Amino acid sequence: MDNEHIVPRPRVGDVFGEMLRDAYAIRTGVGRRPLAGGRVPRPVIEIIEREDGLINGAPADQYLAEPAEWQPHDHRAIALARGRVLDIGTGGGRIALALQESGVDVTGLDVSPGAIAVCRRRGVRDTVLATVDEHARDGRRYDTFLMLGNNLGLLEGHHRAAGFLAALAEMAAPGARLIAHGTDPYGTTDPVHVGYHELNRSRGRLGGQLRLRLRYREITTDWFDYLVCSVEELRGLVEGTRWRLTDVDDADRPYYLATLTLDG
């Protein structure tokens, strides 16, 4: 085969970190900016590829948004934070920075080295590069866990939710709360999404249990599960864990804020 016609496959890398670094450079003018020819920076777009071939894109700048640019439910969520806070999936640190600036003792947690680097550059003082399970072994305790920016999806599905919530319980101070932002996926009539929900159920998965990978420039992530679920499905996932679903704020439907409280 003529090697000139072999198209290289994307390499697995820190998609989120690379994307945030470039988005930060464009927003601030500090650092290397990606160019689309000439001198005009091109927009940084997060490419989301679903296993059935659906491709979506979203501007990465949202992960760096200032409070004035936030959705209303973000403001309501951070108003519920108390005590020592762990911002799970901190990304570009937008939530952690806002809490820090208001005097809250907050730690930003992420698995992306590049995301943590951007957080530190932006001024987040306490960051941890680790998974939830890894951080649970550090012995630190928190009063509030935040999973905003639709990060309820980190529960993944039946196979992961109980273990994820158990790791949080290990880090939880008495009476701790978890405040998570989710999206009910079932209000759509789009046949592409409805068909995917049906396919998932036929395989024993939750309808909104997404199988995704992220793409940016020449790199990709491995495939991973990300959960978009209804409140009733969340209630089922929480059952049997040390957490109770104690409040649901659905004023911005189909988005919702779920508050889980630690038993015992």
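How many residues lie between E2 and E3 in their hairpin, and which glycine in the turn has a positive phi? In this predicted model, the hairpin formed by E2 and E3 has four residues between the two strands, and Gly53 in the turn has a positive phi of about 100 degrees.

Strand E2, which covers residues 45–50, pairs with strand E3, residues 55–59, in the antiparallel sense, and within this pair Glu49 stands opposite Ile55 in E3. E2 also pairs in the antiparallel sense with strand E9, residues 209–216, where Ile48 is found opposite Leu214 in E9. The table sets these pairings beside that of strand E4, residues 85–88, with strand E5, residues 106–110.

| Strand pair | Sense | Bridges |
|---|---|---|
| E2 and E3 | antiparallel | five bridges |
| E2 and E9 | antiparallel | four bridges |
| E4 and E5 | parallel | four bridges |

In the E4 and E5 pair, Ile88 stands opposite Leu109 in E5. Both strands belong to an open sheet of seven strands with mixed pairing, arranged in the order E6-E5-E4-E7-E8-E13-E12. Strand E6 (127–129) and strand E12 (243–249) stand at the edges with a single partner strand each, so one side of each is left without a neighbour in the sheet. On average, and with direction ignored, neighbouring strands of this sheet are turned by 20 degrees against each other.

Helices also lie against these strands. Helix H6, residues 158–171, lies across E4, E7, E8, E12 and E13, and runs at about 145 degrees to E8. Helix H8, residues 231–238, packs on the sheet as well, where it touches E12 and E13, and its direction makes about 165 degrees with that of E12.

How values were computed: Residues are numbered from 1 along each chain as its sequence is written. This is a predicted model: local features need pLDDT of at least 70, side-chain atom pairs count only at pLDDT 80 or more; totals for chains, interfaces and linings use all residues. Side-chain values use heavy atoms; hydrogens and water are left out. Two strands pair if DSSP finds at least two bridges between them. Axes are lines fitted to C-alpha atoms, for helices over the stretch in contact, and angles run from 0 to 180 degrees between N-to-C directions. Contact means heavy atoms within 4.5 Å.
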